Amino acid sequence: MDCDEVSRLLDAYLDGELDGTARPEVQKHLVSCADCRKEADRIAGFSSLVRATLPMYKAPAELKAKIRASLREASAPESHWLFRLRRPLMYAAAILVLGFGLASAFRTYAPNRNQELISQAIANHACSLMVDHLVDVTSSDRHIVRPWFNGKLDYSPPVADLAQEGYTLVGGRIDMLDKRPVAAIVYRRGSQVINVFVWPVASGKIDFDVQSDRGYHFCGWNQAGLNYFCISAATAEDIEKFEDEFRDHANL
Amino acid sequence: MGDERRQFDEIFLPHLDAAYNLARWIVQNDQDAQDVVQEAYIRAFKGFHGFRGGNGRAWLLTIVRNAAYTWFNKRLSDQKWVPYVEEKHAEIISIDQSATENRMEKQKEDLRGALERLPPEFREVIILYEIEGLSYKELALSLGVPVGTVMSRLSRARQRLREEFAQVKTRRTANGL
């Protein structure tokens, strides 16, 4: 191999991307040719200079929000569709359940559990606003709110710090939901209060897109063995946004 | 939120900075880079079922790159390619100079100026290889060219960057900065 040939392969050789017979040949040439060795040093040196000093652009903060909004839009037709279908389906299920309920004394049916759960969650949310019992522990510091739950529950709910995203942590509370005590984490954005209920999925996973009932919007999901149910009088879009942020910031 | 959307977010949102950096270097301004990245994420989401696992970052960057070139072509058909203006760049360098003091900062600025002077196909190969660490094979897939072409393009891109870097530096030194 002569210097011209080697110079064509030198970058790939230094990048460890040269294989087959070419590799040992370039190596052999480098041992005997000081000029090519010098050039190899220059290439490698410059390459590491680029890696170490080339300025990187960081995505502006608003870009993530913009992308999320357009992803929501992109996936919207699908959910609208399901959303429109969900209601009649639920009515149908309710009628069915009613029928079954009349026919037999047993009434354990999956949609029923969801419905019960939603009613209970709405009641909890409304109650937390009406009665002066929004929180049992008041703090905007998640390092205070999270430990507060210790000893009161048999699991540790993640408490996300969403101050940067515009949600102020108000505190925490214990509520009854799904026939067990659950953690309620409370956030505030402007005049809107958001309750997030968190409990282990042992009694069954929940997962549904934003729905509305009695003027509230809510959605449920599960993540790392815990069910999450968030509810507020904010708009459906706001709730979806909140879910995004919460999922992002709760340690996954 | 659907399962698909959730999965998509978990795989691709962490690569947002890399996506933006690449777009920013190709199209060379913030607003257009944001548009390109946004478009790329929508494209990626729509084509998500075609993603078979593997290197999500490389997959996304390929889409960002393609979106950037769609943007380029649209712009090129709108107006003529803006030629490189020597004075403009010289000025940028001298302005930055007043703020930067140490050698590292100067090198950074010189390197930025040098890379800005390369044609986009060289800029992208530098970013994708040196910064994002794609392999030659991934680069070939991403750029849609054979590995042999990747090899020569990267080699030429480095060579050109080195030359531009030396020139920018010389000019700065000549200006007594």
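Biologist: Hi! What percentage of the 252 residues of chain A count as buried?
Modeller: Hello! In this predicted model, 29% of the 252 residues of chain A count as buried.

Biologist: And how many helices and strands does chain A have?
Modeller: Chain A has eight helices and seven strands.

Biologist: How are the seven strands ordered in the sheet?
Modeller: The sheet is open, and its strands run in the order β1-β2-β3-β4-β7-β6-β5 of chain A, with antiparallel pairing. At the edges stand β1 (137-138) and β5 of chain A; each has a single partner strand, so one side of each is left without a neighbour in the sheet.

Biologist: Remind me, what do strands of a sheet pair through?
Modeller: Strands pair through backbone hydrogen bonds, in either a parallel or an antiparallel way.

Biologist: Let's zoom in on β3 and β4 of chain A. Over how many bridges do they pair?
Modeller: β3 (residues 180-189) and β4(A) pair over seven bridges, in the antiparallel sense. Two residues sit between β3(A) and β4(A), giving a hairpin, and A:Gly190 in the turn has a positive phi of about 60°.

Biologist: Nice. Which residue in β4(A) does A:Arg189 stand opposite?
Modeller: A:Arg189 faces A:Gln192 in β4(A). Likewise, A:Arg188 stands opposite A:Val193 of β4(A).

Biologist: What about β4(A) and β7(A), over how many bridges do they pair?
Modeller: Six bridges join β4(A) and β7(A), again in the antiparallel sense. Here A:Pro200 stands opposite A:Leu226 in β7(A).

Biologist: Which strands does helix α7 of chain A lie across?
Modeller: α7 (residues 142-149) lies across β1, β2 (168-177) and β3 of chain A, and runs at about 15° to β2(A). Helix α8(A) packs on the sheet too, where it touches β4, β5, β6 and β7 of chain A. The direction of α8(A) makes about 25° with that of β6(A).

Biologist: Tell me about α8(A). What should its 14 residues span?
Modeller: At 1.5 Å a residue they should span 20 Å, and the end C-alpha atoms of α8(A) are 20 Å apart, so the two agree.

Biologist: Which residues of α8(A) are buried?
Modeller: The buried residues are A:Ile239, A:Glu240, A:Lys241, A:Phe242, A:Glu243, A:Asp244, A:Glu245 and A:Phe246. The buried residues of α8(A) pack against α4, β4 (192-200), β5 (208-213), β6 (216-223) and β7 (226-232) of chain A.

Biologist: I keep staring at A:Phe218. Which strand is it in, and is A:Phe218 buried or exposed?
Modeller: A:Phe218 belongs to strand β6 of chain A. A:Phe218 is buried because 23 other C-beta atoms lie within 10 Å, and the cut-off for buried is 20 or more.

Biologist: Leaving aside neighbours within four places in sequence, which residues is A:Phe218 in contact with?
Modeller: A:Phe218 is in contact with A:Ile118, A:Ala121, A:Gln211, A:Phe229, A:Cys230, A:Ile231 and A:Ile239. As for A:Cys230, it is 12 residues from A:Phe218 along the chain, and their C-alpha atoms are separated by 5.5 Å.

Biologist: Switching to chain B: how many helices and strands does its secondary structure come to?
Modeller: Chain B has nine helices and zero strands. Of its 177 residues, 35% are buried.

Biologist: How do the contacts in each chain split by distance along the sequence?
Modeller: In chain B, among contacts between residues at least 6 apart in sequence, 70% join residues at least 24 apart. In chain A, residues 24 or more positions apart account for 50% of the contacts with a separation of 6 or more.

Biologist: Which residues of the largest nonpolar core touch the most other members?
Modeller: In that core of 55 residues, they are B:Ala19, B:Ala23, B:Val37 and B:Val64. Apart from the largest core lies another, of 38 residues, including A:Tyr167, A:Ile206, A:Phe229 and A:Ile231.

Biologist: Last topic, the contact between the chains. How many residues does the contact take from each?
Modeller: The contact takes 29 residues from chain A and 30 residues from chain B. On the chain A side, α1 (3-14), α3 (34-53), α4 (61-74) and α8 (236-249) are the elements that give two or more residues. The largest share, seven residues, comes from α4(A).

Biologist: How do the residues on that side of chain A divide into nonpolar, polar and charged?
Modeller: The side of chain A that touches chain B has 15 nonpolar, five polar and nine charged residues.

How values were computed. Residues are numbered from 1 along each chain as its sequence is written. Chains are lettered from A and ligands numbered from 1 in the order in which they are written. This is a predicted model: local features need pLDDT of at least 70, side-chain atom pairs count only at pLDDT 80 or more; totals for chains, interfaces and linings use all residues. Two residues are in contact if their C-beta atoms, placed from the backbone, lie within 7 Å. Helices (H or I, at least four residues) and strands (E, at least two) are DSSP runs, numbered from the N terminus. Ala, Val, Leu, Ile, Met, Phe, Trp, Tyr, Cys and Pro count as nonpolar, Asp, Glu, Lys and Arg as charged, and the others, Gly among them, as polar. A residue is buried if 20 or more other C-beta atoms lie within 10 Å of its own, exposed if 12 or fewer, and partly exposed in between; C-beta atoms are placed from the backbone. A nonpolar core is a set of buried Ala, Val, Leu, Ile, Met, Phe, Trp, Tyr and Cys residues joined through C-beta atoms within 7 Å. The expected span of a helix is 1.5 Å times one less than its number of residues. Two strands pair if DSSP finds at least two bridges between them. Axes are lines fitted to C-alpha atoms, for helices over the stretch in contact, and angles run from 0 to 180 degrees between N-to-C directions.
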